[in-house]
Amino acid sequence: MRRWLSAVVLLALGAPLSPVRAQDVPKDYPNKPVRVIASSSAGGISDIFIRVLGDELQKKWGQPLVVDNRPGGAFNIGARACADAPPDGYTICILPSDILQYNRFLFKNLSYDMFKDLEPVTLLFFLTQVMAVSADLHVSTFDELAALSKAKPGTLSYSAPAVPHQIFLEDWKARTGADIVRIPFRGGGEAVNGMLTGTTPVAFFGIGNLIAYLRAGTIKGIAVDASKRSPLFPDIPTLKEVIAAEEVTQADFAIWAPKGTPKALIKKVRDDMAAIGNEPSFRDKYLVQRGLDPQFSTPEYFADYLQKSRAIAEVAAKKGNLQPQ
């Protein structure tokens with residue numbers, strides 16, 4: 001009788017008789033198209049990759065990924081759109097975590113907080129960047145480049161799209177007395193053309209953009225920013241091998257979700273993406289051969305990485321005297 005009365009009381013109070021399994025993934029998820037907010041324009045590295053990955057995910061899910069390009073504003077427009085989206089598992093976002101880290105020091109009034117408004121899903125890949133020079137300079141090391149620049153003061157220039165690489169090179173100049181001027185980065189095509197024509201013969205740039213020229217010998221790689229040598233160019237050393245410098249934040253792209261997206265859905269999205277991304281033929285064709293370093297990390301690893309890269313970015317921002325505008 002006591003058990004019966006307890007059950008009646010629980011029902012009257014609206015309490016369930018068994019635990020609610022709130023973290024279960026709905027059996028029919030996804031039952032409609034999943035939107036992907038892309039912070040870059042159509043045709044960019046991340047846009048092309050997410051469309052290829054989406055084609056494979058559709059085979060698993062029976063639902064398409066619909067890419068919603070939100071370019072501009074140093075990737076802040078896409079990040080804001082991601083933060084504003086409903087956290088129901090039907091919006092995910094592809095954003096560069098490295099740029100978002102530095103945007104905190106470059107913009108006074110960001111309309112989102114990457115740590116409070118976004119959920120880390122998976123770190124997809126790093127874009128291996130290479131310190132490269134025109135072969136016409138006839139230099140192969142940082143020391144040789146520094147010596148050449150001092151022998152020809154005011155004649156050498158460089159371009160670098162990523163803030164941490166700009167800070168690294170400016171610090172290298174200060175330590176070595178290298179005389180080389182930074183030219184504002186206007187786009188990949190211009191950077192490559194500048195190296196080939198000699199107008200901007202030095203660049204710290206994505207290795208994927210330079211594959212043909214590095215193989216042809218018209219451009220020379222001095223070092224890559226990755227933790228290990230690129231399988232495409234194993235003769236090019238890493239920064240840590242050739243120069244004493246603090247760690248440089250690598251360029252990347254990652255999958256995020258709006259804050260509050262159920263953890264079970266986040267895990268499913270990551271696990272399904274990782275199953276595709278770690279398949280050898282997909283990995284080689286769409287990542288390795290394009291100069292991308294595959295990751296497909298767990299959400300937990302990605303969150304830990306964000307905290308570590310946050311500390312690196314704070315040190316670099318202070319060293320580079322970044323001033324928010």
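How many residues apart are Lys173 and Glu170 in helix α6, and by about how much of the helix are they separated? In this predicted model, Lys173 and Glu170 are 3 residues apart in helix α6 (residues 163-176), a separation of about one helical turn. Their side chains meet in a salt bridge, with an N to O distance of 3.3 Å. Lys173 is buried, its relative accessible area being 17%, whereas Glu170 is partly exposed at 34% relative accessibility.

The chain has 325 residues, of which 48% count as buried. Its secondary structure consists of 12 helices and 11 strands. Taken along the principal axes, the C-alpha atoms fill a box of roughly 95 × 40 × 30 Å. Contacts between residues at least 6 apart in sequence were also examined, and 77% of these join residues at least 24 apart.

The pair in helix α6 belongs to a wider set of ionic contacts, as the structure holds 15 salt bridges. One of them lies in helix α2 (residues 45-61), where Glu56 and Lys59 are 3 residues apart, about one turn of the helix. The side chains of Glu56 and Lys59 meet at 3.2 Å, N to O. Glu56 is partly exposed, with a relative accessible area of 27%, while Lys59 is exposed at 66% relative accessibility.

Another salt bridge is found in helix α10 (residues 263-277), in which Lys267 and Asp271 are 4 residues apart and so separated by about one helical turn. The closest N and O atoms of Lys267 and Asp271 are 2.6 Å apart. Asp271 is partly exposed, at 26% relative accessibility. Salt bridges also link Arg35, Asp68 and Arg70 in a network.

Helices α2 and α10, each described above for a salt bridge, also pack against each other, with their axes 10 Å apart and an angle of about 105° between them. Because angles of 65 to 115 degrees count as roughly perpendicular, α2 is described as roughly perpendicular to α10. On the α2 side, the contact is made by Ile50, Leu53, Glu56, Leu57, Lys60 and Trp61. On the α10 side, Lys268, Val269, Asp272, Met273, Ala275 and Ile276 take part. The residues of this contact divide into 8 nonpolar and 4 charged, with no polar residues. Glu56 thus appears both in the contact with α10 and in the salt bridge with Lys59.

A second helix pair is formed by α4 (residues 97-106) and α12 (residues 299-319), whose axes come within 10 Å and cross at roughly 45°. An angle of this kind falls outside the ranges for roughly parallel, roughly antiparallel and roughly perpendicular, and α4 and α12 are therefore oblique to each other. The crossing of α4 past α12 is right-handed. From α4, the residues in contact are Ser97, Gln101, Tyr102, Arg104 and Phe105. They meet Phe302, Tyr305, Leu306, Ser309, Arg310, Ile312, Ala313, Glu314, Ala316 and Ala317 of α12. By residue class, the contact of α4 with α12 comprises 9 nonpolar, 3 polar and 3 charged residues.

Conventions:
Residues are numbered from 1 along each chain as its sequence is written. This is a predicted model: local features need pLDDT of at least 70, side-chain atom pairs count only at pLDDT 80 or more; totals for chains, interfaces and linings use all residues. Side-chain values use heavy atoms; hydrogens and water are left out. A salt bridge is a side-chain nitrogen of Lys or Arg within 4 Å of a carboxyl oxygen of Asp or Glu. Helices (H or I, at least four residues) and strands (E, at least two) are DSSP runs, numbered from the N terminus. Buried means under 20% relative accessible area, exposed over 50%, partly exposed in between (1.4 Å probe, protein chains only). Axes are lines fitted to C-alpha atoms, for helices over the stretch in contact, and angles run from 0 to 180 degrees between N-to-C directions. Angles under 35 degrees count as roughly parallel, over 145 as roughly antiparallel, 65 to 115 as roughly perpendicular and the rest as oblique. A crossing is left-handed if the near helix is turned anticlockwise from the far one by less than a right angle, and right-handed if clockwise. Contact means heavy atoms within 4.5 Å. Ala, Val, Leu, Ile, Met, Phe, Trp, Tyr, Cys and Pro count as nonpolar, Asp, Glu, Lys and Arg as charged, and the others, Gly among them, as polar.
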